[in-house]
Amino acid sequence: MVPIDLSGKKALVMGVTNESSLGWAIAQKLHQAGATLAFSYQGERLREKIEKLTTGMHGVRLYEVDVTNEEAIKAMMADLKEAWGGLDCLVHSIAFAPRPAMEGRYIETTREDWTLALQVSAYSLLAVVREAEALLNEGASVVTLSYYAAEKVVPKYNVMGIAKSALEATVRYLAYDLGPKNVRVNAVSAGAIRTVASMSIPGFRKMTAKYNAIAPLKRMITHEEVGNLGLYLLSPLSSGTTGQTVYVDAGYSIMGMDFSEE
Ligand code: NAP
């Protein structure tokens with residue numbers, strides 16, 4: 001067994017709402033590997049929940065940050081600089097699209113909904129990494145969360161698919177910008193999992209049957225599997241990997257048409 005030891009490392013995880021959040025799945029693995037953690041959450045209503053979740057995590061720091069608010073991002077990074085001096089791991093696990101934009105046809109998406117979805121779900125990675133740049137230590141790693149609809153049409157995912165395409169392209173451009181500093185940027189593309197965000201996607205429940213039928217592993221993935229891939233990409237074990245979108249989806253994304261059973 002090759003142990004991943006992140007003791008002494010500092011990690012910021014952005015986008016935890018509750019124990020089902022994918023950001024929390026990665027945070028738990030970072031904690032088990034010995035990293036000291038900070039979290040950001042969108043609104044004051046979540047503070048008590050995050051405080052409860054993180055009870056027992058030594059040295060944890062909490063920040064209320066809406067990623068559309070540049071000042072809030074700046075203030076968090078300034079505080080982390082003062083408290084920690086630097087940052088080794090950064091997890092961006094944030095997405096949002098207005099409900100009407102995910103109910104009808106993509107062609108109906110309004111300018112306002114399109115802009116908001118792209119701003120929160122893709123531009124925010126750029127905004128956060130730019131403000132974090134001065135803190136990112138040599139060897140640091142950034143991970144964001146994406147989905148297959150960045151590449152292929154997944155009806156109803158609509159503008160979120162376009163946001164994920166922009167997010168994955170942003171990962172590549174940031175990887176280019178930060179590579180000379182030996183800072184890496186990658187995306188975890190996760191198969192469908194039950195979380196607050198995914199349950200708001202119309203028809204999400206039907207996805208389980210699709211995974212069971214189509215994915216080579218004949219199942220959906222687990223939160224722990226997302227956490228494990230996140231940990232790997234945030235650790236020196238993946239030191240040669242940057243700018244990539246790495247799938248953890250039970251193999252669903254490799255499939256074309258399967259008519260072998262018919
Ligand atoms: P989640 O627990 O709901 O996490 C999404 C987070 O984004 C929430 O904490 C949410 O805060 C936050 N957020 C939304 N707008 C924000 C804003 N303006 N400022 C700051 N934070 C904001 O759901 P999740 O499924 O774990 O999602 C995490 C990431 O994984 C997303 O990028 C999602 O697209 C991606 N992903 C999920 C799946 C899946 O099946 N679950 C699959 C592939 C990729 P609030 O709760 O306050 O709104």
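Which polar backbone atom is 2.8 Å from an oxygen atom of the ligand? In this predicted model, the atom in question belongs to Ile193. Two further backbone contacts accompany that of Ile193. A backbone N or O atom of Leu22 is placed 2.7 Å from an oxygen atom of the ligand, and for Ile94 the corresponding distance, again from a backbone N or O atom to a ligand oxygen, is 3.4 Å. On its own the ligand would expose 880 Å², and 92% of this area is buried by the protein.

The shell around the ligand comprises 28 residues, among which Thr17, Ser21, Leu22, Arg45 and Thr195 come nearest. Leu22 thus appears both among these nearest residues and as a backbone partner of a ligand oxygen. By class, the shell contains 16 nonpolar, 9 polar and 3 charged residues. Two secondary-structure elements, β5 (136–146) and α6 (196–199), each supply two or more residues to the shell. The greatest contribution comes from α6, which provides 3 residues.

The ligand occupies the space of the largest pocket. The volume of this pocket is about 1,100 Å³. Its lining is formed by 41 residues, and those nearest the centre of the pocket are Ser93, Ile94, Ala95, Phe96 and Ala197. Ile94, listed here beside the pocket centre, is also the residue with a backbone atom 3.4 Å from a ligand oxygen. Four elements give two or more residues to the lining of the largest pocket, namely β2 (36–41), β5, α5 (159–178) and α6. As in the shell around the ligand, α6 gives the most to this lining, with 3 residues. The lining residues of the largest pocket divide into 25 nonpolar, 12 polar and 4 charged.

A further pocket, the second largest, has a volume of about 290 Å³. This second largest pocket is lined by 15 residues, of which Tyr147, Val154, Pro155, Met207 and Lys210 are the closest to its centre. The composition of its lining is 11 nonpolar, 1 polar and 3 charged residues.

In summary, the predicted model places the ligand in the largest pocket, where the protein buries 92% of the ligand area. Backbone atoms of Leu22, Ile94 and Ile193 lie at the stated distances from ligand oxygen atoms, and α6 gives the most residues to the shell around the ligand.

Note on methods:
Residues numbered from 1 in each chain as written. Predicted model: local features only at pLDDT ≥ 70, side-chain atom pairs only at ≥ 80, totals over all residues. Heavy atoms only, no water. Near = heavy atom within 4 Å. Polar contact = N/O pair within 3.5 Å; in protein donor to acceptor, adjacent residues only side chain to side chain. Areas by Shrake-Rupley, 256 points an atom, 1.4 Å probe, with all protein chains shown as cover. 1 Å grid on protein atoms, 1.4 Å probe; cavity = no way out; pocket = protein on both sides within 12 Å on 5 of 7 lines; lining within 4 Å. Sits in = over half its atoms within 2 Å of the grid points. Nonpolar A, V, L, I, M, F, W, Y, C, P; charged D, E, K, R; others polar. Points joined across faces, edges and corners; volume = space filled by probe spheres on them.
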